[in-house]
Amino acid sequence: MPPDPRPLTSHRALSTIECALGLLGAALPEAREETPETAFLSAAQARIGPNPAAALAQAVLSEAGTPLGRVAAALGLSAPERAAIGVALAVETDPMAGRCVTYLQSPVGGSRPTLGLISSVLAPLGAENARLASLISGPAMRSGLLRMG
């Protein structure tokens with residue numbers, strides 16, 4: 001099911017997918033034309049607020065009993081791994097998310113996120129190089145939940 005496009009209210013926590021879309025929004029270039037993709041990502045970025053790490057932590061807590069939460073707990077996934085999985089899930093469940101990933105990766109194209117794009121997604125969480133290294137060698141990759149190529 002696609003993420004809810006309505007603004008977050010105090011009664012509903014964001015999902016990992018919504019946080020991932022907000023983090024994708026942070027990867028938008030400053031100078032850009034207004035397109036449906038940029039509007040979608042800008043709105044997603046606004047929903048996660050000024051502290052993406054806190055929004056992602058809240059999403060992780062709120063999804064504890066869900067299938068994704070149970071798999072993440074069983075594998076011991078980190079927050080950056082959850083964000084990367086959120087991007088992958090968004091692309092698979094929401095056509096607009098796929099369009100946004102293609103837009104962000106232009107001129108390379110393709111709706112599957114590249115490692116470079118995932119690095120940009122992790123940047124607002126801080127220490128992106130260390131996080132990217134741990135993502136590549138972490139349980140999400142080792143288990144096959146995420147894969148390169």
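1. A friendly place to begin is the surface: Glu-92 is exposed, with a relative accessibility of 52%. Please keep in mind while reading that this is a predicted model. The side chain of Glu-92 meets that of Arg-112 in a salt bridge, with 3.1 Å from N to O. Glu-92 belongs to helix α5 and Arg-112 to the loop between α6 and α7, so this pair ties together parts that are 20 residues apart in sequence. Arg-112 also counts as exposed, at 52% relative accessibility.

2. How many salt bridges does a search of the whole structure find? The search finds three. As background, side chains of opposite charge can pair when their charged atoms come close. The pair in point 1 is one of the three; the other two follow.

3. Next comes the pair of Arg-82 and Glu-63, whose side chains meet in a salt bridge at 3.2 Å, N to O. Helix α5 holds Arg-82, while Glu-63 sits in the loop between α3 and α4 (67-75), so the pair ties together parts 19 residues apart in sequence. Are these two residues buried or exposed? Both Arg-82 and Glu-63 are buried. Set that beside Arg-112, which is exposed, and Glu-92, which is exposed too.

4. The remaining pair joins Glu-37 and Arg-99, with 2.8 Å from N to O in the salt bridge between their side chains. Because Glu-37 lies in helix α2 and Arg-99 in helix α6, this pair ties together parts that are 62 residues apart in sequence. The two partners are not alike in burial: Glu-37 is buried, with a relative accessible area of 11%, whereas Arg-99 is partly exposed at 43% relative accessibility.

5. Glu-37 deserves a second look. Beyond its neighbours within four places in sequence, Glu-37 is in contact with Met-96, Arg-99, Cys-100 and Tyr-103. These four residues also appear in the list of α6 residues that meet α2.

6. That brings us to how the two helices pack. The axes of α2 and α6 are 9 Å apart, at an angle of about 105°. The angle falls between 65 and 115 degrees, so α2 is roughly perpendicular to α6. From α2, the residues Pro-36, Glu-37, Thr-38, Phe-40 and Leu-41 meet Met-96, Arg-99, Cys-100, Tyr-103 and Leu-104 of α6. By character, the residues of this contact divide into seven nonpolar, one polar and two charged.

7. Leu-104 has another link worth tracing in the viewer. Its C-alpha atom is separated by 8.6 Å from that of Pro-29, although the two residues are 75 residues apart along the chain. Pro-29 is found in the loop between α1 and α2, and at 39% relative accessibility Pro-29 counts as partly exposed.

8. Finally, the interior. The largest nonpolar core has 38 residues, and the members that touch the most others are Cys-19, Leu-21, Leu-24, Leu-41, Ile-118, Leu-135 and Leu-146. Several helices each supply at least two residues of this core, among them α1 (16-26), α2 (36-48), α5 (79-93) and α8 (128-137). Leu-41 appears here as a core member and also in the contact of α2 with α6.

9. Which residues does Leu-146 contact, leaving aside its neighbours within four places in sequence? They are Glu-81, Ala-84, Ile-85, Ala-88, Leu-135, Ala-140 and Met-141. Of these partners, Leu-135 is, like Leu-146, one of the core members that touch the most others.

Conventions: Residues are numbered from 1 along each chain as its sequence is written. This is a predicted model: local features need pLDDT of at least 70, side-chain atom pairs count only at pLDDT 80 or more; totals for chains, interfaces and linings use all residues. Side-chain values use heavy atoms; hydrogens and water are left out. A nonpolar core is a set of buried Ala, Val, Leu, Ile, Met, Phe, Trp, Tyr and Cys residues joined through side-chain atoms within 4.5 Å. Buried means under 20% relative accessible area, exposed over 50%, partly exposed in between (1.4 Å probe, protein chains only). Contact means heavy atoms within 4.5 Å. A salt bridge is a side-chain nitrogen of Lys or Arg within 4 Å of a carboxyl oxygen of Asp or Glu. Axes are lines fitted to C-alpha atoms, for helices over the stretch in contact, and angles run from 0 to 180 degrees between N-to-C directions. Angles under 35 degrees count as roughly parallel, over 145 as roughly antiparallel, 65 to 115 as roughly perpendicular and the rest as oblique. Ala, Val, Leu, Ile, Met, Phe, Trp, Tyr, Cys and Pro count as nonpolar, Asp, Glu, Lys and Arg as charged, and the others, Gly among them, as polar.
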